[in-house]
Amino acid sequence: MSNPVVRAFFVGKAVAEVLRERWESTLTDLAGEVGKVWAELQEGWQTFAEDVIARADTEAMVTAREITPPPFKTEDLQATLDDLRAEVAQLRSELQKYRSQNA
């Protein structure tokens, strides 16, 4: 290659090809990393959602067990109501005493 113009052309062409190959390689690697990170994020969110649902279900079961009253017989229920009425009456009288002392 004795002609400097022809040599410059081929050097420029080679530079362009090498830059394109490296750019493609970089973009391919970057796309692979982005895809990997995206998959990890999706898996993390899925695990997070599963943990939240599991915890909510556990709490709901515990709460349901705590809230569900044991079955009462009719006589026991009436006795319980009577006891509660008596406690309410006692609390009212104590509240009236307290209010009269602070008035």
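The following conversation goes through a predicted model and sets its computed values against their definitions.

Biologist: What should I know about the model and its numbering before we begin?

Modeller: The model is predicted, so local features need pLDDT of at least 70 and side-chain atom pairs count only at pLDDT 80 or more, while totals for chains, interfaces and linings use all residues. Residues are numbered from 1 along each chain as its sequence is written, and side-chain values use heavy atoms, with hydrogens and water left out.

Biologist: How many helices and strands does the protein have, and what makes a run count as one?

Modeller: The protein has two helices and zero strands, where helices (H or I, at least four residues) and strands (E, at least two) are DSSP runs numbered from the N terminus. Helix H1 covers residues 4-67, and helix H2 covers residues 74-102.

Biologist: Why is the protein called more spread out than a compact globule?

Modeller: The radius of gyration, taken over C-alpha atoms, is compared with a globule rule of 2.2 Å times the number of residues to the power 0.38. For 103 residues that rule gives 13 Å, whereas the protein has 40 Å, well over that value, and therefore it is described as more spread out than a compact globule. The C-alpha atoms fill a box of roughly 115 × 45 × 10 Å along the principal axes.

Biologist: Which C-alpha separations go with that box of roughly 115 × 45 × 10 Å?

Modeller: Leu 81 and Arg 20, 61 residues apart along the chain, have C-alpha atoms separated by 86 Å, and for Thr 26 and Leu 91, 65 residues apart, the separation is 78 Å. Within the stretch from Trp 23 to Trp 38, 15 residues along the chain, the C-alpha atoms at the two ends are separated by 22 Å.

Biologist: What share of the residues is buried, and how do you know that Leu 81 is not counted there?

Modeller: Buried means under 20% relative accessible area, exposed means over 50%, and partly exposed lies in between (1.4 Å probe, protein chains only). Buried residues make up 0% of the 103 residues. Leu 81 has 34% relative accessibility and therefore counts as partly exposed, as does Thr 26 of helix H1 at 46%.

Biologist: What makes Val 37, Trp 38, Leu 41, Trp 45, Phe 48, Val 52 and Ile 53 a patch?

Modeller: A patch takes residues with over 30% relative accessible area and no salt bridge, joining like charges within 9 Å and nonpolar side chains (Val, Leu, Ile, Met, Phe, Trp, Tyr) within 5 Å. These seven residues form a nonpolar patch on the surface with about 770 Å² of accessible area together, the areas coming from the Shrake-Rupley method with a 1.4 Å probe, in which only the protein chains shown count as cover for residues. Two of the members can be set against the cut-off: Val 52, in helix H1, has 40% and is partly exposed, while Trp 38, also in helix H1, has 53% and is exposed.

Biologist: Why is the contact of Lys 36 with Glu 33 called a salt bridge?

Modeller: A salt bridge is a side-chain nitrogen of Lys or Arg within 4 Å of a carboxyl oxygen of Asp or Glu. The closest N and O atoms of Lys 36 and Glu 33 are 3.9 Å apart, so the pair meets the definition. Both residues lie in helix H1, three residues apart, about one turn of the helix, and both are partly exposed, Lys 36 at 44% and Glu 33 at 43%.

Biologist: How many salt bridges are counted by this rule, and which ones lie in helix H2?

Modeller: The count comes to four salt bridges. Among them, Asp 82 and Arg 85 meet at 3.6 Å, N to O, and lie in helix H2, three residues apart; Asp 82 is partly exposed at 39%, whereas Arg 85, at 53%, is exposed. Lys 97 and Glu 94 meet at 3.8 Å and are likewise three residues apart in helix H2, about one helical turn, with Lys 97 partly exposed at 46% and Glu 94 partly exposed at 40%.
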